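Student: I should like to learn how to read helix packing, pockets and peptide bonds in a protein model. Could you guide me through an example?

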Amino acid sequence: GYSKGSERAPVEITEYADYQCPFCQTFATLQMPTIEERLIRTGKLRWRYRDFPLQQHQFARLAAHSAACADEQGKYWEQHDRIYEGQAEWSAARDAGDHFRNYARALGLDLARYDECMGSGKYAGRIQASLEEGARAGVSSTPTLLVGDRLYQGRIDSDAIRRLVDSLAPST
């Protein structure tokens, strides 16, 4: 999986999300920068991202695989963000893979390595395992946040997450 923030952060949230889901896109582009600035960088929160590609989204697994291949070159979060930012472009495309490759190029990835990784499908099993892990935890829609053993579904904004983190963090 993919994580941001200190392993010593007092609170950990796991997000189960689908790159082609509109609510996930809104969350990633509008709420996440604030969460990152105020909670992750300040050491209050560790964030884990898990792939939960929904069946109705034909490019969700390909998007997840593209981000995993970028991770091999140390650019997971950059590709992750770029895929979400470009969702309107690629989700309507005939071949989303071309868009993902263009993002990889723009990020300066070694395209030969990227193409080999994408062609091999080597992360398909990991993506499936992530989906199954979420399903076992009770996830049925995206985005869903797992906090401790509680699931939070639907639209959640950065203020709600800040309140949640404050309520869970041991008071100093």
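Tutor: The following dialogue treats a helix contact, a pocket and a peptide bond in turn. Please bear in mind that this is a predicted model.

Student: How does one describe the packing of two helices, and at what angle do the axes of α1 and α8 cross?

Tutor: Two packed helices are described by the angle between their axes and the distance between the axes. Here, helix α1 (residues 22–40) and helix α8 (residues 158–168) have axes that cross at roughly 35° and come within 9 Å. The crossing is right-handed.

Student: Which residues make the contact between α1 and α8?

Tutor: From α1 come Phe27, Gln31, Thr34, Ile35, Arg38 and Leu39, and from α8 come Ser158, Asp159, Ile161, Arg162 and Val165. By class, five residues of this contact are nonpolar, three are polar and three are charged.

Student: How is empty space found, and how much of it lies in the largest pocket?

Tutor: Rolling a probe the size of a water molecule over the atoms shows where empty space is left. In this model, the largest pocket holds about 190 Å³. It is lined by 15 residues, of which Lys4, Ala28, Met32, Pro33 and Asp81 are the closest to its centre.

Student: Which elements supply the lining, and of what character is it?

Tutor: At least two lining residues come from each of α1, β3 (45–51) and α3 (76–85). The lining comprises seven nonpolar, two polar and six charged residues.

Student: Finally, is the peptide bond from Thr142 to Pro143 cis or trans?

Tutor: The bond is cis, with omega near -10°. Pro143 itself is located in the loop between α7 (124–137) and β4 (144–147).

How values were computed
Residues numbered from 1 in each chain as written. Predicted model: local features only at pLDDT ≥ 70, side-chain atom pairs only at ≥ 80, totals over all residues. Heavy atoms only, no water. Axes fitted to C-alpha atoms, helices over the stretch in contact; angles between N-to-C directions. Helix = DSSP H or I, 4+ residues; strand = E, 2+ residues; numbered from the N terminus. Left-handed = near helix turned anticlockwise from the far one by under 90°. Contact = heavy atoms within 4.5 Å. Nonpolar A, V, L, I, M, F, W, Y, C, P; charged D, E, K, R; others polar. 1 Å grid on protein atoms, 1.4 Å probe; cavity = no way out; pocket = protein on both sides within 12 Å on 5 of 7 lines; lining within 4 Å. Points joined across faces, edges and corners; volume = space filled by probe spheres on them.
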